Amino acid sequence: MGTDPFSATLPPLSWRERGLSPFSAGTLSSVVQGERLRAAWDGELAGLAGTFSLALVGPSGPLVSRDADAPHYAASTIKLAVLAALLRDRNAGRPEAFGPVVVHAEFAGAGGRAFTLQQSDDQDDDTWALLGSTADLLWLAERMIVVSGNLATDLVVERLGIGSVQRFLADAGLSGPLGFTRLIGDAAAEAAGSTNTVTAAGLASLMTGIADHTLLGAADSERALGFLAAQQHRRMIPAGLPESTWSASKGGWVPGVQHDVALVRPESAPPYALAVCTTSPLPEPDAERLIARLSAITWEHWIRWHG
């Protein structure tokens, strides 16, 4: 496998490589800066019903959090773990992680009961157009991330096995914060109590572990970030960033749940990862705008810290 061409265009992750310090000389301490950012988050969330979790991680590790260990229904953010597991399995040479897959919509559920995905519940017409024919596994993984395809996700997981994703999370030390027990759309398993869960802290740790090459090799990390940077659903964390700011993100949404996790690489400051998880009665557009505003607040404070 060659080097991902996208990697050549990315600035390096490490602040040391970029000649920067994690907090510029003469600025307030990171503790005070963190308290100010947390207070700004709290001010934005004041009076809202629901659970709102945030985690900010810089190159030196976790920096600021708000209810970051609270569990939330994962929605599509769990697809980030599926991508990482696939890339790790490919690096290990597992034959299940390579080759074509027959595209189909009926799957065996966690309890043994078959279920069928519906195209109307998906946003990936390109994969559905291949029903009955074959698609490359890595192409399906790209669709899973870039357009958050549900059919593509279940085809990848069916090929790898749920246990492969669980082993990846366990090896990464994330099997507590991030739980994966069933396929997307397995309503019977969900009704029986089998669900996929995330925390803001877990999502931020997964994103930074991909970005700094601790969870995947360099080539696989850059491939993953290339998929994530091509994300088409950009109404949450990316929407709160200045135009043209590089970001790599994966969101998730169902009624009452809106999450996003992103790696952000400013031109004049160190990179950071931000995860925002919301479980609330807010309508979807309002929840998206809220996450975008929390992203903008984080950006403003981060740039001020490193100015």
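These legends accompany close-up views of a predicted model.

The model is predicted, so local features need pLDDT of at least 70 and side-chain atom pairs count only at pLDDT 80 or more, while totals for chains, interfaces and linings use all residues. Residues are numbered from 1 along each chain as its sequence is written, and side-chain values use heavy atoms, with hydrogens and water left out.

**View 1. An open sheet of five antiparallel strands.** The strand order is 2-1-11-10-9, where two strands pair if DSSP finds at least two bridges between them, and where strands (E, at least two residues) and helices (H or I, at least four residues) are DSSP runs numbered from the N terminus. Strand 2 (61–66) and strand 9 (246–254) are the edge strands, each pairing on one side only. Neighbouring strands are turned by 10 degrees against each other on average, direction ignored; axes are lines fitted to C-alpha atoms, for helices over the stretch in contact, and angles run from 0 to 180 degrees between N-to-C directions. Strand 9 is joined to the antiparallel strand 10 (residues 257–265) by nine bridges, and Lys250 has Val261 of strand 10 as its bridge partner.

**View 2. Helices 1 and 8 against the strands.** Helix 1 (residues 30–45) lies across strand 1 (51–58), strand 2 and strand 11 (272–279), and runs at about 35 degrees to strand 2. Helix 8 (residues 200–211) packs on the sheet and touches strand 1, strand 9, strand 10 and strand 11, with its direction at about 150 degrees to that of strand 11; contact means heavy atoms within 4.5 Å.

**View 3. Gln33 in helix 1.** At 6% relative accessibility, Gln33 counts as buried, a term that means under 20% relative accessible area (1.4 Å probe, protein chains only). The side chains of Gln33 and Trp305 are joined by a polar contact of 2.5 Å, that is, a pair of N or O atoms within 3.5 Å, of which, within protein, one must be able to donate a hydrogen and the other to accept it, and residues adjacent in sequence count only if both atoms are side-chain atoms.

**View 4. Helix 4 (residues 137–146) and its two ends.** Eight of the ten residues of helix 4 are buried, so this helix is largely enclosed by the rest of the structure; among the buried residues are Leu140, Arg143 and Met144. At the start of helix 4, a side-chain oxygen of Asp136 comes to within 2.9 Å of the backbone nitrogen of Leu138, and just after the helix, Ser148 takes a positive phi of about 60 degrees.

Notes:
Buried < 20%, exposed > 50% of the residue type's maximum accessible area, 1.4 Å probe, protein only.
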